[in-house]
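Here is a short tour of one protein chain. Have a look at the sequence and the structure first, and then we'll go through the strands and the charged pairs.

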Amino acid sequence: MFNAIHLNSIGYVFEFGPKEVVSTRKHSGSSKNWNAAHRYGTETSGNRWTSGGLTLATQLWEPRSLSLETNDWQQVGPVMEGLAVNGGWAYSSWYRSAAASDQLKGNIVAFNMKKLNKYQAQYLSPRSYLYKKLSFGKFKSYSQNVKVSPYMRLGHGQSLGASSKYIYVLANENKLPVGASNGFYSEENLQLKKSDLTINKVWSIRVDVGSSGRYFYNAAFAGDNTMYGVFHNAAFGRYEFWRLNLVNNRWQVSQVTATQSHFVKQQAGSSPVQGFSVSGSNMYLAFNNLIFKLQTDGTYQKTWKHVSNREIEGLASDGSQLYAQLAQRGEILSGRWQKAEK
């Protein structure tokens, strides 16, 4: 199903956002043992960061990989890009290398976080020094609570969502040709079955606005019929949030809001959105070590700065719970925002 949405004129709802924040300089580090000196070994302690009433703590340390490495396209991991959470299951997009994520193809990996020990899940990685770390019974139990999709086109992998039945992926390209970010490019919207992570439906969408277009580098899903796309309109100094609803098997624009701010000081294109999530009437945007909270009408609410010195690679929300995934090693954090800290 192909949707070409043409909008010659559309009314925006504008809200004023925060002053630009300088992103933490150090954001490409790694966890304690994620280096060659430690043979990319397992982590044995958790993390905990607090900012503005939001404490994020380790929910799950992810395995380095879930297949034999150096096995070309059959390799699963170790680069994670996106995150969705629903009903205790975490869904993440995995690539065999950073370069592979730019090639837009990888796997969705699902973890039943309720059934996995936050540390022992790392032992599922097929590396010799991890052998015999799990009993066969524990290995069997864990294997039943981890799923891997077929190798497929996922785009850059940071536009994920999960409902009670399906996983959604907006398969977009994060490195379009220079000057083409406003071009009339189409994106693939995938619906995957949660039972086996195979494709159930595919839509192709494109949003045209007069003489320009809107290409979404990040998107979030709220249930089965609503998608939010983020567009950084640098020329006008704003972030646009486009809501699309699924009507008669076609994705149609139903609302457009904009927040007048760059949020993060843009440094030669090195300050991209690295996570986007929607839950209820709230939206969350992540940039490196920064998370911004907004209402779905674009109203700015809060800034959190968790200095982990590692990049956020994916953001998710499930009810009142917020989740963030950190890179190197893959680590899923969770927490709830409290109005006041004790």
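## What counts as a salt bridge

A salt bridge here is a side-chain nitrogen of Lys or Arg within 4 Å of a carboxyl oxygen of Asp or Glu. Side chains of opposite charge can pair when their charged atoms come close. Keep in mind that you're looking at a predicted model. By this rule, the count is 5 salt bridges.

## Meet the pairs

Let's start with Asp 208 and Arg 206, whose side chains form a salt bridge with 3.2 Å from N to O. Are these two buried or exposed, or something in between? Asp 208 counts as buried because its relative accessibility is 4%, under the 20% cut-off. Arg 206 has 22% relative accessibility, so this residue counts as partly exposed.

Next up is Glu 240, which makes a salt bridge with Arg 238; their closest N and O atoms are 3.0 Å apart. Both Glu 240 and Arg 238 are buried. There's a bit more going on around them, too: Arg 214 joins Arg 238 and Glu 240 in a network of salt bridges.

## A pair that links two parts of the chain

What does the salt bridge between Arg 310 and Glu 331 tie together? Their side chains meet at 2.8 Å, N to O. Arg 310 sits in the loop between strand 22 (300-305) and strand 23 (312-318), while Glu 331 belongs to strand 25 (residues 331-335), so the pair ties together parts that lie 21 residues apart in sequence. Arg 310 and Glu 331 are both buried.

## A sheet of four strands

Now for strand 22 again: it's part of an open sheet of 4 strands, in the order 19-20-21-22, with antiparallel pairing. Strand 19 (275-279) and strand 22 are at the edges with a single partner strand each, so each has one side without a neighbour in the sheet. From one strand to the next, the twist averages 15 degrees.

Inside this sheet, strand 20 (residues 282-287) and strand 21 (residues 290-295) run antiparallel and are joined by 6 bridges. If you want a spot to look for, find Leu 285, which stands opposite Phe 292 in strand 21.

## The whole chain

Zooming out, the chain has 2 helices and 25 strands. Of its 342 residues, 53% are buried. Take the contacts between residues at least 6 apart in sequence: 60% of them join residues at least 24 apart. The chain exposes about 15100 Å², and carbon and sulfur atoms supply 48% of that area.

Conventions
Residues numbered from 1 in each chain as written. Predicted model: local features only at pLDDT ≥ 70, side-chain atom pairs only at ≥ 80, totals over all residues. Heavy atoms only, no water. Buried < 20%, exposed > 50% of the residue type's maximum accessible area, 1.4 Å probe, protein only. Pairing = 2+ DSSP bridges. Axes fitted to C-alpha atoms, helices over the stretch in contact; angles between N-to-C directions. Contact = heavy atoms within 4.5 Å. Areas by Shrake-Rupley, 256 points an atom, 1.4 Å probe, with all protein chains shown as cover.
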